[in-house]
Amino acid sequence: MDQLLDVQLGLLRQADGSSLFKLNSTSVMVGVYGPTEVKPAKELSDRASLEVTYKPKVKQAGCREKLLEKNVQSAFDGVVLTELHPRTAIQIIIQELQDSGSLFSCCINGVCFALLDACVPMRSTLAAVTCVVDSEGEIIIFPTKRQEETALAVLNVAFESKEGAVISLSSSGVLTKSKFQDCITVCKSSCSKIFELYRIKMRQLCTKNAGSEC
Amino acid sequence: MSEVANIYRITQPREYQKKFLEAGVRSDGRKLDEFREALIGIGPVSTADGSALVALGETKVICGIKLEVAPPKVDKPRCGYIVPNVDLPPLASSDFRPGPPSELAQVSSQLMLEIVLKSKCVLLEDLCIAEGRMCWVLYCDLICLNYDGNLLDACTMALTAALCNVKLPKAFVNEETGAIEIDFKQKVPLNIRSRPVATTSSVFEKETLYVDPVREEEKHASLTVTVVTSNEISGSTVDSDNICVIHKTGGGSVNEEQIEQCISNGRCHTPFVLSLIGSALTKSEV
C-alpha cells in the first residue's frame, strides 16, 4: 500500500495560495484567490461564498465536472471559517494535469494544501481517500484509472482532522452494507499519512519563511 | 396557523425549524422518520415512449423518455446510451432563475445517470441493435413542476417508473440486404433489471436526523445524505439489500452511526416505494 504522495506549495505567484499535488501518477494544480470580491448574485450576507472551478485537461467541463465541483465545495464549506469573511468570495481553481485514478481525493487534498498556503482560516484539515471494491471483493486504496473502471464500486470519503468525522461521502456501485462499512474503516486508517503530510509541509513552509526573514 | 406563528416562520425561519426539530417533530406535523405521501402516475405523456408523473408531497416531477436511433460511441460499439437531463424551470420555485441549467440541475442530472448505470437498472448492452452500427439512445427528461424539497427522491422514482414503462420497437438486421429494419408496430418492453429507490435524510445542527426534507427544512440543514438502493429483480423476487449510490452534500460532518441510520432509513423505505411503483404499473396495464 505504498503510495507516492508529493506536494509543492506556492508555485503560482499571482494566486494567494497554490499547490501542485501528486498522488502516484495523478496530479492537480490548485490556485486559491481569496477572500476577494464577489458577484452580487452569489453574495452571502453572513459568510464567504466558496466558488470552485474544475478544469479538465481535454474537452470542456460538463455535468461530471460540475458534480466534482459541488462535492469539493460542500466539503470545504464545512471546514473553512467562512463566517469570518462575509460578503466575499474564496475562489478555488483546480486544473487537472493528469488523471490516472483517485481524482477526487487528489482534488480535495490539493485544495486543502492551497488553502493552507493562502492562509485561509479553517476549522481543521481534510484528508480524502478513494477506495474501490474489485470483482474479488478486495478493497484497494487509491486505485488506478483501470482499477476504477473495472471495479464493482468506487468510494470517495474525506475526513476532518479533529474528530475524524466524515465531511464528504460519495459512493457509486453496488455494495452491501457490511462491505460499505469495511471500506469506511479502511479509508479512515489510511488518512493518517495525509494528515502527517500537512504537518510536515507546513513546518517546512514556516521554517523556510522564518529563515528568509533573518 | 396563527398569525404570530406565521410571522415567526417568515422572520426567523431557522429558529422556527429548530423549535420543531428539537421537540422531535417537523413543522408540517410529521415525525422525524415519516415520509410524505407519494403518488405515481404512469404514462401521462402520450407522445413520449415512456413517462411517469411523481408527486412527493408538494414536490412534483414529470419524466418523459424519448427513443432515438444513433451510431454507438466509438469506444463502446456494443452499447447504447442513456442521457438523463433534470430541468428546474422558474415555474417550479422562486429559487430557480431562467437561463442555463443551474448547478443543482447539472449535479442532479449527473446523479441520475450514475443511479441508472450503477444500479444496473438498464444494461447499455441491451440497447444495442447492431454492433458498431446502430443503437438505441434513451433521452430521459425530468422536469420539476413544483419544488418543495427532496428533488433526488422524486426524480429517481419518476425515472425508475418511466423506464419500466418504455417499450422498444423491434429492431433487427435484415440477413439478405444487411440493412437495419425497425418495426414500430411490434414493441417489446425494455429489460429492467433493477428498480433503484432513493431515500434522502438530513441532519440539523449535528444531532437531529430526519427524512424527506421539505424546501424550508433543506435551507437550514447542515448536511443531506441520499442513499439509493439497487433492488435487483431476479425472477419474481427483488433483492433490496444492496446500496448502489450514496451521496452527501452540505458541509456538516457526519459520524458513522448517522451514516448507518441513513442507510437503514433507505432500506426500510425501499419496499414501500417498490410496491407503489408496482401497483402503479399494474394499474396502467389494465
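This report walks through the contact between chain A and chain B, and then looks at confidence and backbone details in each chain.

**How far to trust the model**

What you have here is a predicted model, and its overall scores are ipTM 0.90 and pTM 0.92. The table sets out the confidence for the two chains.

| Chain | Mean pLDDT | Residues scoring at least 70 | Lowest element (mean pLDDT) | Highest element (mean pLDDT) |
|---|---|---|---|---|
| Chain A | 91 | 96% | helix α5 (residues 192-213), 81 | strand β5 (residues 89-98), 96 |
| Chain B | 91 | 98% | strand β13 (residues 237-239), 67 | strand β2 (residues 50-56), 96 |

Strand β13 of chain B, with its mean of 67, is the place in that chain where confidence is lowest. As a reminder, predicted coordinates should not be read in detail where pLDDT is low.

**Where the chains meet**

Let us turn to the interface. The contact draws on 28 residues of chain A and 29 residues of chain B. Together the two chains bury about 2600 Å², and carbon and sulfur atoms account for 58% of that area. On the chain B side, three residues stand out: B:Glu103, B:Ile246 and B:Lys248 provide 19% of the area that chain B buries against chain A, more than any other three residues.

Polar and charged groups take part as well. There are 10 residue pairs in polar contact between chain B and chain A, counting pairs with both residues at pLDDT 80 or more. Three elements of chain B, namely α3 (103-118), β14 (243-249) and α6 (256-285), each bring at least two residues to the side that touches chain A. Of these, α3(B) gives the largest share, with 8 residues. Sorted by class, that side of chain B holds 9 nonpolar, 11 polar and 9 charged residues.

Which salt bridges cross this interface? The rule finds 4 between chain B and chain A, and one of them joins the side chains of A:Lys70 and B:Glu103, at 3.8 Å from N to O. B:Glu103 is also one of the three residues that lead the buried area of chain B.

The chains are linked through strand pairing too. Strand β9 of chain A (residues 166-175) runs antiparallel to β14(B), and 4 bridges join the two strands. Within this pairing, A:Ser171 has B:Ile246 as its bridge partner.

**Two backbone details in chain A**

Most residues other than glycine have a negative phi, and most peptide bonds are trans. Chain A offers an exception of each kind. The peptide bond from A:Gly34 to A:Pro35 is cis, with omega near -10 degrees, and A:Pro35 sits in strand β3 (residues 26-36) of chain A. A:Cys119, although not a glycine, has a positive phi of about 60 degrees. You will find A:Cys119 in the loop between α2 (103-117) and β6 (126-133) of chain A.

Notes
Residues are numbered from 1 along each chain as its sequence is written. Chains are lettered from A and ligands numbered from 1 in the order in which they are written. Side-chain values use heavy atoms; hydrogens and water are left out. Contact means heavy atoms within 4.5 Å. Buried area is the accessible area (1.4 Å probe) that two parts lose on being put together, summed over both. A polar contact is a pair of N or O atoms within 3.5 Å; within protein, one must be able to donate a hydrogen and the other to accept it, and residues adjacent in sequence count only if both atoms are side-chain atoms. Ala, Val, Leu, Ile, Met, Phe, Trp, Tyr, Cys and Pro count as nonpolar, Asp, Glu, Lys and Arg as charged, and the others, Gly among them, as polar. Two strands pair if DSSP finds at least two bridges between them. pLDDT is the predictor's confidence in each residue, from 0 to 100.
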